[in-house]
Amino acid sequence: MTGGAQARPGGAVGGSSGLVAGGLVVTAAVLAHGLPSLMTLRRLRTAVAPRLAGVGRADHVALTFDDGPDPASTPQFLEVLDELAVRATFFVLGSMVRRSPGLAREVAAAGHELAVHGWDHRPMLLRGPMSSYDQLARTRDLVAETTGQVPAHVRPPHGVLSSGVLAAARRLDLTPVLWTAWGRDWTATATPQTVLATLAPDLRGGATVLLHDSDCTSAPGAWRSALGALPELAARCDDAGLVLGPLADHGLRPRRAQLRISPFAAGYVSG
Ligand SMILES: [Zn+2]
């Protein structure tokens, strides 16, 4: 699920000046590590960091799902998306891909984009830089090995960023993307109607919509509210002249340089 994980360790300040200075250094380091987590605040990041929030092409709405792939629910999403002829981006957990590699392959084979959520769902703010890198690298590599598709986007659990996540994303060539609209589909009381009503004020061209194709971190069966909202969500976008699709088509990152071997030279050119 998402929602803001607010745990934030503070620096201890001791009685002597040395301890105070040490405490301040620790506090400054913790704050610097956690500063990007302010971007968890959706309206703030949409205003000050629109690309990070997922504000994309004006004629496009990005449809994204977190927490799968889950054999109990993801196949139903694939079926409905197929009926609607809509492709989406699935931010997967490495632990879930390891459990259901065949399902991850089905998601890719249906034309959807796979992206990195994390290996498990613990907030990245509670991890150091090495652990954050390990989470993202293991998940990216497993998705690539399993599906043949190299992920291009990352959204850490709970949408909580840290300096470690941003550094790891840069090293792994993953573009961080959070969301501009959510359906609060992870709660026990969510229904397709509440999901649509929650999405409505923020559903516009350029939006990135967050839903969940698994309840592995949320209320049991909550995914049914997201699933039930999909046909009407697609219809509303269609009525507004907006194309509903994956982040890959949202215009957030330049097309990856295509490396190709030149038949006439022992080198490569990019194009
Ligand atoms: Zn999640």
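User: What makes the crossing of helix 4 and helix 10 right-handed?

Analyst: The crossing of helix 4 and helix 10 is right-handed because a clockwise turn of the near helix from the far one, by less than a right angle, is given that name. The model is a predicted one.

User: Why are helix 4 and helix 10 called roughly parallel?

Analyst: Helix 4 (residues 74–84) and helix 10 (residues 223–239) pack at an angle of about 15°, with axes 10 Å apart. Angles under 35 degrees count as roughly parallel, so helix 4 and helix 10 are roughly parallel to each other.

User: Which residues of helix 4 and helix 10 meet?

Analyst: Helix 4 contributes Gln 76, Phe 77, Val 80 and Leu 84, and helix 10 contributes Leu 227, Leu 230, Pro 231 and Ala 234. By class, the contact of helix 4 with helix 10 has 7 nonpolar residues, 1 polar and no charged.

User: How do you know that helix 9 and helix 10 are oblique to each other?

Analyst: Helix 9 and helix 10 pack at an angle of about 60°, their axes being 7 Å apart. The roughly parallel class covers angles under 35 degrees and the roughly perpendicular class begins at 65. An angle of about 60° falls in neither class, and the pair is therefore oblique. Helix 9 passes helix 10 in a right-handed crossing.

User: What is the make-up, by class, of the contact of helix 9 with helix 10?

Analyst: That contact divides into 7 nonpolar, 3 polar and 1 charged residues. On the helix 9 side are Pro 192, Thr 194, Val 195, Leu 196 and Leu 199; on the helix 10 side are Ser 225, Ala 226, Gly 228, Ala 229, Glu 232 and Leu 233.

User: Why does Gly 206 count as buried?

Analyst: Gly 206 has 20 C-beta neighbours inside 10 Å. The cut-off for a buried residue is 20 or more, so Gly 206 counts as buried. Gly 206 lies in the loop between helix 9 (192–199) and strand 7 (208–212). Leaving out residues up to four places away in sequence, Gly 206 touches Val 55, Gly 56, Arg 57 and Ala 58. In the protein, buried residues make up 45% of the 271 residues.

User: Where does pLDDT stay under 50?

Analyst: One such stretch is residues 1–20, for which the model has 35 contacts beyond four places in sequence. Over residues 257–271 the pLDDT is also below 50, and that stretch has 12 contacts beyond near neighbours in sequence. The protein averages a pLDDT of 85, and 80% of the residues score at least 70.

Terms used: Residues numbered from 1 in each chain as written. Predicted model: local features only at pLDDT ≥ 70, side-chain atom pairs only at ≥ 80, totals over all residues. Axes fitted to C-alpha atoms, helices over the stretch in contact; angles between N-to-C directions. Helix = DSSP H or I, 4+ residues; strand = E, 2+ residues; numbered from the N terminus. Parallel < 35°, antiparallel > 145°, perpendicular 65-115°, else oblique. Contact = placed C-beta atoms within 7 Å. Nonpolar A, V, L, I, M, F, W, Y, C, P; charged D, E, K, R; others polar. Buried ≥ 20, exposed ≤ 12 C-beta atoms within 10 Å, placed from the backbone. pLDDT = per-residue confidence, 0-100.
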